[in-house]
Amino acid sequence: MTPANGKNWLVTWQLRAQFAAGLSAMYAHEVPAYATLVEVSGQVNADHVARHRDAERFGSLQRVTAERHGAIRVGSPAELAAVADLFSAFGMLPVGYYDLRAAAPPVPVVSTAFRPTAADELAHNPFRVFTSLLATRDPVFFDADLRSRVEGFVARRQLFDPALLARARTVAAEGGCAAHEARAFVAAAVAAFALSREPIDKSWYDELARVSAVAADIAGVGSTHINHLTPRVLDIDELYRRMTDRGVAMIDAIQGPPRTDGPAVLLRQTSFRALAEPCRFRLANGDIADGSLRVRFGEVEARGVALTRKGRERYDAAMGAPDPAAVWSEYFPSTDAQLAADGLAYYRGGDPSAPIVYEDFLPASAAGIFRSNLDRDTAARDATEDSCYHAEWLAGAIGRDIHDPYALYEEASR
Ligand code: OOG
Ligand code: NI
């Protein structure tokens, strides 16, 4: 029987919306500061729309207020391939390649983002998940002995029930599933990203944490988890003030482009550390002891127009200045019309009143977000980087195309 989009059948974007809402409900329940963030974001957005005539040019109040991205981290290409299978059921495909090892200081991961790619899918629900893979092959971070023990540990664990993955592949192939089956499928997918309460092997976790807090978070435990879920706001400076007024200690700065009078470009983000959460450790003598870990945090973002390659080069140059805000106008014009005319940003059909929203991430910001939520940076070893991580390697390792974000923006602009 060919599935039709009726009330007995849910299509991909409807499942994606349920998945995002399910994760949000779980996260709000477990991380109270996230619930505060969502509440304040909603207020900031409503106030902003009430005061600014063109406030919805980057998306309707409804889309922006419902919008989220999440982040997860995995330990091997096989795990990343499983994530790709699961997310494909929700119409989320890998887009972009981010090498956070190139950040200063480096983070030992390479990443992609799973998201819808077609304009109508994005309009229905743009949920995306930034997904990082631990760079065990890079000798700058892992010596041969630790690498093999980490890879062995990861190979022995199972992040997802094989039945869930099989179901996801079927849902992806059929473009949706029967309404009466959706609840159980989405609930199982959401549950796979809950913070596990299983005891954690303390000596293994501590050994990894001494090398890299990211390695411990990824490979020190038997499961993966959503480590943040990010609402979108129309005015991130105002959000920052209001959260600070509520007593939530935000990181020092907003990452990404400075606030300017001209059109918002790319992505601005800020975050706060979540509180320590209770966990259980298994000690060397087999005893179980109560402990705590700070592994989940809060983040919020504002999105602007997507930049072309030429615009992105300008952006990177401006951000290289000691005070990007001070020199911004030397790099970017102050109107959409000029951004469009100069070929710096994407607009639908070239119409400067129709900006195309940036749907992706920024490596420097991502590294900053990682860092701000870790106790210590990763120590780089004195070794030659010969691991050959790159976008094509990642695509091959997970057996899927990794979409080029520029190609997607080009397509949307035509
Ligand atoms: C991902 C950090 C990157 C963003 O919004 O740039 C990120 C992580 O901490 O796992 O989510
Ligand atoms: Ni994030």
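A strand here is a DSSP run of E with at least two residues, numbered from the N terminus. A residue is near a molecule if one of its heavy atoms lies within 4 Å of it. On those terms, strand 2 gives the largest share of the shell around ligand 1, at 3 residues. The model is predicted. Ligand 1 sits in the largest cavity, and the protein covers 100% of the ligand's accessible area.

**Overall fold**
- The chain's secondary structure comes to 17 helices and 12 strands.
- A compact globule of 414 residues would have a radius of gyration near 22 Å; the chain has 21 Å, so the two agree.
- The C-alpha trace spans about 65 × 60 × 45 Å along its principal axes.

**Shell around ligand 1**
- Aromatic names in the shell include Phe-130, Phe-297, Phe-361 and Phe-370.
- His-69, Ala-71 and Arg-73 also surround ligand 1.
- Asn-227, His-228, Gln-269, Glu-299 and Ala-366 complete the list.
- By class, the shell divides into 6 nonpolar, 4 polar and 2 charged residues.
- Strand 2 (68-74), strand 12 (297-303) and helix 15 (363-372) are the elements that give two or more residues to this shell.

**Polar contacts to ligand 1**
- Arg-73 places a polar side-chain atom 2.7 Å from an oxygen atom of ligand 1.
- For His-228, an N or O atom of the side chain is 2.8 Å from a ligand 1 oxygen.
- Asn-227 has a polar side-chain atom 3.0 Å from an oxygen atom of ligand 1.
- On its own, ligand 1 has 310 Å² of accessible area, and the protein covers 100% of that area.

**Backbone points to check**
- Most residues other than glycine have a negative phi, and most peptide bonds are trans.
- Leu-266 has a positive phi, near 50 degrees, and is not a glycine.
- Leu-266 lies in the loop between helix 11 (236-245) and strand 9 (267-273).
- The peptide bond joining Ala-104 and Pro-105 is cis, with omega about -10 degrees.
- Pro-105 belongs to the loop between strand 3 (93-99) and strand 4 (109-115).

Methods:
Residues numbered from 1 in each chain as written. Chains lettered and ligands numbered in written order. Predicted model: local features only at pLDDT ≥ 70, side-chain atom pairs only at ≥ 80, totals over all residues. Heavy atoms only, no water. Polar contact = N/O pair within 3.5 Å; in protein donor to acceptor, adjacent residues only side chain to side chain. Areas by Shrake-Rupley, 256 points an atom, 1.4 Å probe, with all protein chains shown as cover. 1 Å grid on protein atoms, 1.4 Å probe; cavity = no way out; pocket = protein on both sides within 12 Å on 5 of 7 lines; lining within 4 Å. Sits in = over half its atoms within 2 Å of the grid points. Helix = DSSP H or I, 4+ residues; strand = E, 2+ residues; numbered from the N terminus. Nonpolar A, V, L, I, M, F, W, Y, C, P; charged D, E, K, R; others polar. Rg over C-alpha atoms; globule rule 2.2 N^0.38 Å.
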